[in-house]
Amino acid sequence: MAKPLHQSVKEHPNTLLVGVYTPNNQIENPEYYYEEFLSLVKTLKMPYDATYFMKVRSVDNNMFLTKGKLEELTKVCTDQNIEKIVFSETLSPLQERNLSNAIGANVTDRQGIILEIFKNAAHSSEGKIQVEMAEIEYSKTRIAGRGKEMAQQAGMIGQRGPGETLKEEIKRHFTEKIRQARKRLETLERSRDTQRQRRLASNIPLVCIIGYTNAGKSSLLNRLTHSAILAEDKLFATLDTTTRELYLKNKNKVLISDTVGFISQLPPQLIKAFQSTLMELRYANLLLQVIDLSNPAWKSQIEVVAKTLKNLDVDKPMIYVFNKLDKLDDETKNHLAHDVIGYHPQVFIHTMSKEGVEPLLEILREYNL
C-alpha cells in the first residue's frame with residue numbers, strides 16, 4: 001500500500017518586508033537604510049517571503065501611505081497572497097490599523113521589531129524588566145481606539161457592550177502590570193543608586209562608551225580591559241550595561257562602561273524604560289562615541305546619537321572614536337580624511353589587536369579625568 005505523500009506545512013504567515021524611505025528619514029543613504037532594516041529582521045530571525053522597497057514624497061497622517069502608494073502596495077500584496085506586512089518605518093497605532101484594514105493583512109512596524117530584539121537580548125533582571133515595561137506601553141497604544149471593533153465582534157454596535165468592557169479590562173490589566181514592573185525596577189534602581197554613590201565618593205572617574213548599534217562598543221571594551229563580553233556582528237548584540245576597571249598611567253584607574261546601542265527611530269517606550277540605565281551617562285566624566293567608519297552612513301549615525309543624547313539631556317565631554325580602520329584601504333582613508341575634520345577631539349582605532357587601540361589609550365592617559 002502506497003504511503004501518502006508528506007506535505008510540508010508553512011510555519012509562518014506569508015510575510016512581506018516593506019522598506020519605505022521618507023523625506024524625514026535620519027539616514028541619508030536610502031540603500032543603507034534598507035540594509036539596516038533587513039539587518040534588524042535578520043537579528044530577530046524573522047522568516048519572510050518577499051521584500052518591497054519604495055520612496056514616498058509625503059506621509060499621510062491617517063494611512064501613512066498616500067493613495068497611489070497604497071494602491072501600489074495593495075496590488076503587490078494581493079498578487080503574492082501576503083498575510084503579514086512589516087514596515088521599516090514607525091507607524092502610529094491609527095496608521096497601523098488603517099493599513100491592516102485597507103490591505104487585508106496584519107501590519108507591524110519598526111518599533112515592534114526592535115522591541116522583540118530587545119526582549120531576546122536582555123539577560124539581566126533590570127534589562128528584562130525594562131523591556132517588559134516598554135512592551136506593555138507599546139501594547140497599550142495598540143489597544144486604544146479598538147473599542148468599536150471589539151463591540152462589532154460582540155454584536156453590540158452603538159452601545160457600551162462587552163467589547164468596550166473588554167478594552168477597559170485589558171487597559172486595567174496593562175496598568176497593573178506596569179505598576180508591578182516599576183515596583184520591581186525601583187528596587188533594582190535603589191541598588192544602582194547605592195553603587196553610584198559609592199563610586200562618586202571614591203572619586204574614581206567614569207568613562208562611558210556610547211554609539212550606534214554594532215559600531216564596536218563591546219569589542220572596544222573587551223580590548224581595553226581584557227574582558228570577554230559578547231561582541232557579535234549583529235544589531236543590539238548586548239543590552240546590559242557592563243562596567244570594568246581600566247588602569248592608565250601610574251596605576252591610576254578609571255571605570256569604563258558600555259551602554260545600549262542607539263539606532264534611528266529608537267522606540268520612545270524603550271528610551272523611557274531604559275531611562276535609569278541611560279541616565280548613568282549624566283554621571284560620566286567622559287563619553288567615547290564609537291563610530292564605524294567603514295559604514296557609508298556613519299555621519300547620519302553620529303547625528304542619531306547626538307539627537308538621542310539631546311533628548312536625554314546629556315551634555316558631557318566627548319571623544320569621537322573612529323573605529324574599524326582595519327576595514328579601510330588607503331584610498332578610502334585619504335578620502336575620509338576631509339570628511340572627519342569637523343569632529344574633535346578624534347582618534348582612529350581598530351579592535352583587532354592591542355596596538356589598534358593604543359592611540360585611544362594615549363589620549364586617555366593624557367586626558368584630565
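**A walk through loops and a helix**

Let's start at Asn-203, which sits in the loop that links helix 7 (162–202) to strand 5 (206–211). This is a predicted model, and in it the phi of Asn-203 is near 65°, a positive value in a residue that is not glycine. Most residues other than glycine have a negative phi, which makes this a good place to pause. How exposed is Asn-203? Its relative accessibility is 67%, and because the cut-off for exposed is over 50%, Asn-203 counts as exposed.

Further along the chain is Gln-265, in the loop between strand 7 (253–258) and helix 9 (268–273). Gln-265 also is not a glycine, yet has a positive phi of about 60°. With a relative accessible area of 21%, Gln-265 is partly exposed; the limit for buried is under 20%.

Next, look at a peptide bond. Most peptide bonds are trans. The bond from His-344 to Pro-345, however, is cis, with omega near -10°. You will find Pro-345 in the loop that runs between helix 12 (330–339) and strand 10 (346–348).

Finally, turn back to helix 5, which covers residues 125–143. Its 19 residues reach 27 Å from the first C-alpha to the last, close to the 27 Å expected at 1.5 Å a residue. Which residues of helix 5 are buried? Among them are Glu-126, Ile-129, Gln-130, Met-133, Ala-134, Ile-136, Glu-137 and Tyr-138, and the buried set also includes Arg-142 and Ile-143. As you follow these along the helix, keep the geometry in mind: an α-helix has 3.6 residues a turn, so residues three or four places apart point the same way.

Technical notes:
Residues are numbered from 1 along each chain as its sequence is written. This is a predicted model: local features need pLDDT of at least 70, side-chain atom pairs count only at pLDDT 80 or more; totals for chains, interfaces and linings use all residues. Side-chain values use heavy atoms; hydrogens and water are left out. Helices (H or I, at least four residues) and strands (E, at least two) are DSSP runs, numbered from the N terminus. The expected span of a helix is 1.5 Å times one less than its number of residues. Buried means under 20% relative accessible area, exposed over 50%, partly exposed in between (1.4 Å probe, protein chains only).
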